[in-house]
Amino acid sequence: MDLLSSVFGPFAALADSAHPEWAPGWLPDALPLMAAASALYVAWQIDGFRQTLASIGARIDLAIASASRLHHLPRRLRWFLDQLFQAGVKNLHVVLLVGLFMGMIVALQTGIELAKFGQEDQIGTIVAASMTREMGPFITAIVLAATTGSALAAELGTMSVSDELSALEVMSIDRTSFLVVPRISSLMVIAPVLTVLCDTIGIIGGGFVATSQLGVGWPQYTSTAFDALQDKGGLIPLPMDVYAGLLKSFVFGGIIAVISCASGLEARGGALGVGRATSRAVRDSIIAVIVANYFLTWFLYR
Amino acid sequence: MSTETENQGADDVIIRFEDVHKSFGSHRILNGLSFDVRRGGVLGIMGGSGTGKSVTLRHVIGLLTQDSGRVEVEGRNVADLSPGELQALRKRMGFVFQEGALINWLTVAENLALPLAENTSLSASEIEDRVAEKLAQVHIPDAGGKLPSEISGGMKKRVGLARALITDPDIILYDEPNAGLDPEISRSINELMREIADTHDATALVVEHRIGCIETVCDEVVFLHGGKALVHQPTDEFLRPTHPRLVEFLGPEARS
């Protein structure tokens, strides 16, 4: 009781001393309860914040552990290639479909505005730059987070709840080297490849809209698009936008794989735990990709 | 003479639990558990659900760490071992998981080969020979090419057993080897475990609910109750219980 009165007493005294005439009579009594509720809320938030920090720490730890075991990759070549197939070939149609419509949307949205100024013949430049610089890497990353990222988390989560990870541990097999390194490496390799395909199909999709909706001919569209994708002075005749987009997708692939693998490895508590891990993997991957996208854009184009 | 026997007995102890306590949150599982396992012996661990049988087993191989007390393997507290020492100890142990815990995207043969490929310098043909030998030992010589999803629960147990044996371990830990099996397959698994106990010079700990398994496989039994070893007796004595709790637990399965 002494402790309670020492903690809440000052609040009641403050309320008494500063009790304005318009305030209801019950306010001094309610104030300690409100203070206690606020303290509980803050403590809950601090706990949540601490868990978030711990989770970020575990993911950074996994990324470092995987990087330090990258030399094990030749021993894991079979599983690396298998993951490459799973992430690349099996998701190709999704990336192509989304990329196609993304290019069409960009062309339509921008083309309508350009047409007001009679500049619709520049639509090829805008679609090519948008796809390579931003849309291609970003859309590919979102598709990979939703498909491969969720699959990775579910696969490793199921292994965790069915004692397969414990089995690896008792057999003295390093799970980071055995499970995580091939998955992260494969996603970092396949993401830029899928991005190139997404960029290409997006530019083609933009062409469909340009010719059918905006009255721009194919030759004009392709000529402006190719101009935007050429840097005649460079050693390799591609502009910075293409390199920047590929670097972004390489980083996004790594982020998605690390977050998804970490979520799966942390899964506990049967099917429910696997479901939670999967949903956490997709949610956190998308958030991390968006945040990383901002900082990479700032770094590459400042 | 008695001192000599005691010293010999102490040297002979390979696993020792000494006043081990373990809680998960506010739920206390082990509450001063103490018992010894002699080298080459097969000790059964029985008890009601949630009494900490599997938890006990996981302490031996370092998958769990006790809150207090000591879990010793060959005189060394497992919790005090460095990661390298723990890894070396684990390479000398085999663990048979309740559901097999086979890696589901590897074939049966690849599952068996995994610890050898990862931890030894054996050639591919030597590994292949060893895998074939162990599959034959557990009486499923033709299962090597199948995926875990293509085999029955009983076969999964056998594969799990073969994987635990592949490195010829000194200590084998069985976590409910009969769980989810019909009586006929259970009997064959029990006979297999006994055969392994007779032919290998390995110490074994068997967590089990079923009397049939304990009777066939184990030399001694520890009965867990309230987080402690309520009874630790040779199997014959255990099956003729005098302790009221054990009489109640075994029910009609107890021998008169």
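1. Two strands count as paired here if DSSP finds at least two bridges between them. The model is predicted. By that rule, strand β9 (residues 220-225) of chain B is joined to strand β10 (residues 228-234) of chain B by 6 bridges, and the two run antiparallel. Glu220(B) faces Pro234(B) in β10(B). His225(B) stands opposite Lys228(B).

2. The turn of this hairpin is worth a look. Between β9(B) and β10(B) there are 2 residues. Gly226(B) sits in that turn, with a positive phi of about 60 degrees.

3. Now the sheet that holds the hairpin. It is open, and 6 strands of chain B build it in the order β6-β7-β8-β3-β9-β10. The pairing is mixed. Strands of a sheet pair through backbone hydrogen bonds, either parallel or antiparallel. In chain B, β6 (93-96) and β10 are the edge strands. Each has a single partner strand, so one side of each is left without a neighbour in the sheet. From one strand to the next, the twist averages 15 degrees.

4. One helix can be placed against this sheet directly. α6(B) lies across β6 and β7 of chain B. Its direction is at about 170 degrees to β6(B).

5. Next, helix α7 (residues 183-199) of chain B. How far apart are its end C-alpha atoms? They are 24 Å apart. At 1.5 Å a residue, its 17 residues should span 24 Å, so expected and modelled values agree.

6. Which residues of α7(B) are buried? They are Ser186(B), Ile189(B), Asn190(B), Leu192(B), Met193(B), Ile196(B) and Ala197(B). Seen down the axis of α7(B), the buried residues fall within an arc of 160 degrees, so they line one face of the helix. The general geometry is this: an α-helix has 3.6 residues a turn, so residues three or four places apart point the same way. On the other side of α7(B), Glu184(B), Asp198(B) and Thr199(B) are exposed.

7. What covers the buried residues of α7(B)? The cover includes strands β3 (42-47), β7 (171-175) and β8 (203-207) of chain B. It also includes helices α6 (153-165) and α8 (211-217) of chain B. Of these elements, β3, β7 and β8 also appear in the sheet order of chain B.

8. Chain B as a whole. It has 10 helices and 10 strands. Its radius of gyration is 18 Å, close to the 18 Å that the globule rule gives for 256 residues, so chain B is as compact as a globular protein of that length. Along the principal axes, its C-alpha atoms fill a box of roughly 50 × 45 × 45 Å. Buried residues make up 40% of the 256 residues. Among contacts in chain B with a separation of 6 or more, 64% are between residues 24 or more positions apart.

9. Chain A has 10 helices and 0 strands. Along the sequence, its pattern reads α-α-α-α-α-α-α-α-α-α. The radius of gyration of chain A is 27 Å, well over the 19 Å that the globule rule gives for 302 residues, so this chain is more spread out than a compact globule.

10. The remaining totals for chain A follow. Its C-alpha atoms fill a box of roughly 85 × 65 × 35 Å, taken along the principal axes. Of its 302 residues, 39% are buried. Among contacts in chain A between residues at least 6 apart in sequence, 83% join residues at least 24 apart.

Methods. Residues numbered from 1 in each chain as written. Chains lettered and ligands numbered in written order. Predicted model: local features only at pLDDT ≥ 70, side-chain atom pairs only at ≥ 80, totals over all residues. Helix = DSSP H or I, 4+ residues; strand = E, 2+ residues; numbered from the N terminus. Expected span 1.5 Å × (residues − 1). Buried ≥ 20, exposed ≤ 12 C-beta atoms within 10 Å, placed from the backbone. Arc of directions from axis to C-beta. Contact = placed C-beta atoms within 7 Å. Rg over C-alpha atoms; globule rule 2.2 N^0.38 Å. Axes fitted to C-alpha atoms, helices over the stretch in contact; angles between N-to-C directions.
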